[in-house]
Amino acid sequence: MTEALSQAAAFDYLIVGAGFAGSVLAERLASVGGRVLVVERRPHIGGNAYDCYDDAGILIHPYGPHIFHTNSKDVFDYLSLFTEWRPYQHRVLANVEGQLVPMPINLDTVNRLYGLNLTSFQLEDFFASVAEPVEQVRTSEDVVVSKVGRDLYNKFFRGYTRKQWGLDPSQLDASVTARVPTRLNRDDRYFADTYQAMPLHGYTRMFQNLLAHPNIKVMLQTDYREVQRLIPHDHLIYTGPVDAYFDHCYGKLPYRSLDFRHETHDVEQLLPVGTVNHPNDYAYTRVSEFKHITGQQHRQTSVVYEFPQADGDPYYPVPRPENAELYKRYQALADAEPDVTFVGRLATYRYYNMDQVVAQALTTFRKLQGEPVESQST
Ligand SMILES: Cc1cc2nc3c(=O)[nH]c(=O)nc-3n(C[C@H](O)[C@H](O)[C@H](O)COP(=O)(O)OP(=O)(O)OC[C@H]3O[C@@H](n4cnc5c(N)ncnc54)[C@H](O)[C@@H]3O)c2cc1C
């Protein structure tokens, strides 16, 4: 270590992780004069939203399809400083009993599946007639059966959830299936958010722009533990798994992982829409075709299959009460670390989308700046 380094902190902030949480905070802190070092274990920036060109020259998302959507004007305006956008509305079909039908369940889904010709008003009555009364909606099963009944629950949710989470919907918080709406109309968009768009030149380019400030240095392929003591810094911002930070002292927080099978096919288009779900057959949950999502023109096409796993890279915090309890114990330890800030999906053990992580990072920045902030609403 040089003398200069040992005398004063070389960096105001050491940020662990170059995903949305780490990169947004790096940019914000650098913009007000902070000297920032971002340390990332992987060989690239962008976290799970990283995209790149595969061998065929097709832009893919190695960690699964990432579709940007938000209702937050603040988040959209902020990211718009670093990327142009391509309007994109994601559509998903579910393969149920040999038919490809719209997901989320809408008027067409029910009509096609049951050979009916209902109107929106009649669909409301239909749902009311099949819905099961549930006194207190607590689990993911409760949410669905109380809205659309057992048959649709079995066809669309039960198998998918069991594959995705390795748990029955009755064992998962209501929040998991509550994310997927049910529609009385024919709207077949997967999301209904105000802003739905993809970064025009991809996520990685947007991350490059976020991290381009001269006050930001990025160190890839480095676990922060390798350099934490070597590089003086005033404050640590941690966006990795919270239990790993504390050496799993209370035991491992459950995260669900995925194996991705990427394939390139010698046809221009393989799927009718961006994603096809397979709730009941195969070991994979869904297959997605990137060219739908990115709008790229190419004579071949690349797709990804997702195989849920218990072990592997931590991708999804598992929302159930006992995990929330365990997280609370880690959160108490995190709160007691004065020089460390925990932010992001894994560090706060929340099943957050990209826009929610950006919102959380922007709020965290304001807190670090000493601004009064309303309690986290995301
Ligand atoms: C398959 C899949 C699909 C998704 N699809 C969507 C979608 O369509 N739309 C949407 O809005 N959201 C989606 N998400 C969620 C989205 O990926 C996250 O909300 C977002 O990427 C979280 O950003 P983050 O910065 O909190 O975490 P991450 O992106 O996980 O970044 C954390 C970074 O920290 C690094 N790190 C961890 N530990 C260390 C260490 N010890 N030393 C150094 N570096 C470390 C990791 O390598 C990682 O790069 C999806 C997630 C998955 C898994």
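1. A good place to start is H262, which stands opposite V304 in β15. The two strands here are β12 (residues 255–265) and β15 (residues 301–309), which run antiparallel and are joined by nine bridges. Please keep in mind throughout that this is a predicted model.

2. Strand β15 also has a partner in β14 (residues 286–289). That pairing is antiparallel too, with four bridges, and within it V287 is found opposite Y305 of β15. As a general reminder, the strands of a sheet pair through backbone hydrogen bonds, in either a parallel or an antiparallel sense.

3. Another sheet worth a look is an open one of three strands, ordered β5-β9-β6 and paired antiparallel. Its edge strands are β5 (69–70) and β6 (85–87), each of which pairs on one side only. Between β6 and β9 (residues 195–199) there are three bridges in the antiparallel sense, and W85 faces P199 of β9 across that pairing.

4. You may like to inspect P317, which belongs to strand β16 (residues 316–317). Is P317 buried or exposed? It counts as buried, because 22 C-beta neighbours lie inside 10 Å and the cut-off for that class is 20 or more. Apart from neighbours within four places in sequence, the contacts of P317 are Y255, Y349, R350 and Y351. R350 is a nice example of a contact from elsewhere in the chain: P317 and R350 are 33 residues apart in sequence, yet their C-alpha atoms are 6.1 Å apart.

5. Now to the ligand. Its shell holds 33 residues, and the closest are G17, G19, G47, G240 and G344. Two elements give two or more residues to this shell, namely α2 (20–31) and α13 (354–368). By character, the shell residues divide into 16 nonpolar, 11 polar and six charged.

6. On domains, the assignment for the protein chain gives domain 1 as 3–45 + 211–253 + 318–368 and domain 2 as 104–178. How far apart do the C-alpha centres of domain 1 and domain 2 lie? The separation is 38 Å.

7. Finally, the database record. In an unreviewed entry, UniProt lists residues 155–351 as "domain: UDP-galactopyranose mutase C-terminal". In this model, the chain over residues 155–351 is 26% helix and 24% strand, and the C-alpha atoms at the ends of that stretch are 24 Å apart. When you compare the two descriptions, note that the UniProt range is 155–351, whereas the domain assignment gives 104–178 for domain 2.

Methods
Residues are numbered from 1 along each chain as its sequence is written. This is a predicted model: local features need pLDDT of at least 70, side-chain atom pairs count only at pLDDT 80 or more; totals for chains, interfaces and linings use all residues. UniProt positions are given in the numbering used here, feature names are shortened, and annotations may be inferred rather than shown by experiment. A residue is near a molecule or strand if its C-beta atom, placed from the backbone, lies within 6 Å of it. Ala, Val, Leu, Ile, Met, Phe, Trp, Tyr, Cys and Pro count as nonpolar, Asp, Glu, Lys and Arg as charged, and the others, Gly among them, as polar. Domain bounds come from an automatic or database domain assignment. A residue is buried if 20 or more other C-beta atoms lie within 10 Å of its own, exposed if 12 or fewer, and partly exposed in between; C-beta atoms are placed from the backbone. Two residues are in contact if their C-beta atoms, placed from the backbone, lie within 7 Å. Two strands pair if DSSP finds at least two bridges between them.
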